[in-house]
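Subject: Structure handover and findings

Dear colleague,

Please find below the structure that I am handing over to you. My notes on what was found in it follow directly after.

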Amino acid sequence: MPRTEFISTGYYVPERVVTNLELEDYMDTSDDWIRKRSGIEERRWCKEGQGGSDMAKVATERALEKAGMEADEIDCIVVATISPDYFFPGTGVFLQRKLGLSEIPCFDLRNQCSGFLYALQVADAFIRLGQYRRILLVGTEIHSTGLQVNDVGRDTAVLFGDGAGVAILGPTDDEERGVLAVRTHADGNFAEKLWAPAPACIKNPFISHQDIDDMLVRPFMTGKEVFRHAVTRMPEAIHEVLDEAGLTLDQIDMVIPHQANLRISEMVQRRLGLSDDKIYNNIMRYGNTTAASIPIALSEAVDEGKIERGDLVAFTAFGSGFTWGGALVRW
Ligand code: ACO
């Protein structure tokens with residue numbers, strides 16, 4: 001069975017930079033509060049009419065160009081997002097159309113901050129089984145349109161940002177390289193610890209004026225509990241994939257954690273005993289982009305030469321669900 005290799009990566013973030021100082025104009029918050037609690041200095045917000053599929057299209061074009069590939073070489077699209085362009089159909093079909101493609105399958109996965117790792121697990125299985133040869137793996141999120149940018153929603157409004165990251169995956173016969181392990185987990189007992197209660201098809205109608213008046217259409221988070229679980233599960237997930245691959249922590253060259261909160265990443269780093277050059281963080285500039293955060297960070301790290309061929313790269317994520325996971329790739 002072949003292994004799955006990362007052929008290319010790309011990312012796109014909207015042009016509009018929203019600083020913490022700008023947020024002070026909209027709600028009772030401060031640059032100091034946001035930096036101290038999350039490490040975030042600024043984030044990107046999309047413009048009116050721009051969807052996750054539009055951002056992913058640009059990220060894909062960049063990845064294709066780097067690889068010297070044409071879009072029609074892609075034979076499957078797997079999109080991870082919790083902020084689809086529309087309720088249905090999924091973002092994948094809009095992205096497919098915008099890339100000028102047709103007929104190839106488009107999967108949409110909804111696993112929140114762990115979405116990219118869930119999607120990687122699916123894509124890796126497809127490639128190893130020989131079902132597809134060039135999978136476009138996407139994490140794309142527009143949060144700015146779903147936040148309550150006022151005092152009521154300030155606890156989460158300051159954390160999230162917009163952006164898209166992609167990877168093009170394919171089979172390799174090189175036994176030394178590629179995806180070595182991917183593991184995902186979930187615990188639905190914590191579903192309401194980080195969630196958006198509306199719109200909800202469990203209610204009739206699934207969206208009401210009352211929902212909007214009650215400001216239910218936004219993320220709700222029990223922050224301290226999320227923090228506590230994240231800093232336990234993320235290192236645990238890295239140990240799990242290392243064990244599966246028969247490798248050890250000291251062999252890792254770079255960890256790309258989901259960019260949840262810089263304080264979470266710092267604690268994960270401490271718990272794993274990693275030096276500063278072995279963990280990549282960019283949440284300072286983009287905020288938390290949920291399923292897009294790992295592919296954006298990965299793509300940036302590759303572009304900056306911080307990941308080179310032969311490096312052992314680990315991913316770890318934790319998020320709403322609760323869901324979490326880890327992956328290990330020999331670059
Ligand atoms: N600006 C100013 N004050 C605020 C803001 C804000 N944006 N938001 C909340 N506050 C206030 C609260 O109202 C509260 O005031 P009070 O003491 O008068 O009641 C005070 O700040 C402290 O609120 P807490 O919720 O206790 O803040 P905490 O110190 O726990 O920090 C935070 C909040 C940063 C979210 C923290 O819980 C945390 O780091 N959680 C980790 C989870 C996380 O960051 N998740 C990211 C997304 S999820 C994911 O990707 C996994």
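Helices here are DSSP runs of H or I with at least four residues, strands are runs of E with at least two, and both are numbered from the N terminus. In these terms, S114 sits in the loop between β5 (106–109) and α5 (115–128). Please note that the model is a predicted one.

Overall architecture

The chain contains eleven helices and 13 strands. For 331 residues, a compact globule would be expected to have a radius of gyration near 20 Å, and the chain agrees with this because its own value is 19 Å. Along the principal axes, the C-alpha atoms occupy a box of roughly 55 × 45 × 35 Å. Of the 331 residues, 56% are buried.

Buried positions with contacts distant in sequence

S114, introduced above, has a relative accessible area of 0% and is therefore buried, the limit being under 20%. Its C-alpha atom is separated by 5.5 Å from that of W324, although the two residues are 210 residues apart along the chain. A167 belongs to strand β7 and, with 0% relative accessibility, is likewise counted as buried. The C-alpha atoms of A167 and L136 are 6.1 Å apart in space, with the two positions 31 residues apart in sequence numbering.

Salt bridges

Side chains of opposite charge can pair when their charged atoms come close. Over the whole structure, the search finds 19 salt bridges. Several of them are described here.

- R228 and E225 form a salt bridge with an N to O distance of 3.8 Å. Both residues lie in helix α8 (residues 223–245), three residues apart, or about one turn of the helix. R228 is partly exposed at 49% relative accessibility, whereas E225 is buried at 19%.
- R263 and E266 form a salt bridge at 3.0 Å, N to O. They are separated by about one helical turn because they lie three residues apart in helix α9 (residues 262–272). R263 counts as partly exposed, at 23% relative accessibility, and E266 also counts as partly exposed, at 29%.
- E304 and K306 are joined by a salt bridge whose closest N and O atoms are 3.1 Å apart. E304 is partly exposed with a relative accessible area of 41%, and K306 is partly exposed with 45%.
- D31, R35 and E41 are connected in a network of salt bridges.

Surface patches

Which residues gather in a patch of negative charge on the surface? They are D173, D174, E175 and E176. E176 is located in the loop between β7 (163–172) and β8 (178–186). Its relative accessibility of 60% is over the 50% limit, so E176 counts as exposed.

A nonpolar patch on the surface is formed by F87, F88, F206, I207, I212 and V217, which together have about 600 Å² of accessible area. V217 belongs to the loop between α7 (209–213) and β10 (220–221). With a relative accessible area of 32%, V217 is partly exposed.

Backbone geometry

Two cis peptide bonds should be brought to your attention. The bond from N204 to P205 is cis, with omega near 0°, and P205 lies in the loop between β9 (194–195) and α7. G321 and F322 are also joined by a cis peptide bond, with omega of about -15°. F322 is in the loop between β12 (312–319) and β13 (323–330).

Positive phi angles are noted at two residues. M215 is not a glycine, yet has a positive phi of about 55°. This residue is placed in the loop between α7 and β10, the loop that also holds V217. M215 is partly exposed, with a relative accessible area of 22%. T290, which is not a glycine either, has a positive phi of about 40°. T290 is found in the loop between α10 (283–286) and α11 (293–303). At 3% relative accessible area, T290 is buried.

Yours sincerely

Note on methods:
Residues numbered from 1 in each chain as written. Predicted model: local features only at pLDDT ≥ 70, side-chain atom pairs only at ≥ 80, totals over all residues. Heavy atoms only, no water. Patch = residues over 30% accessible without salt bridge, like charges linked within 9 Å, V, L, I, M, F, W, Y side chains within 5 Å. Areas by Shrake-Rupley, 256 points an atom, 1.4 Å probe, with all protein chains shown as cover. Salt bridge = Lys/Arg side-chain N within 4 Å of Asp/Glu carboxyl O. Lys, Arg positive; Asp, Glu negative; His and termini not counted. Charge placed at Lys NZ, Arg CZ, Asp CG, Glu CD. Buried < 20%, exposed > 50% of the residue type's maximum accessible area, 1.4 Å probe, protein only. Rg over C-alpha atoms; globule rule 2.2 N^0.38 Å.
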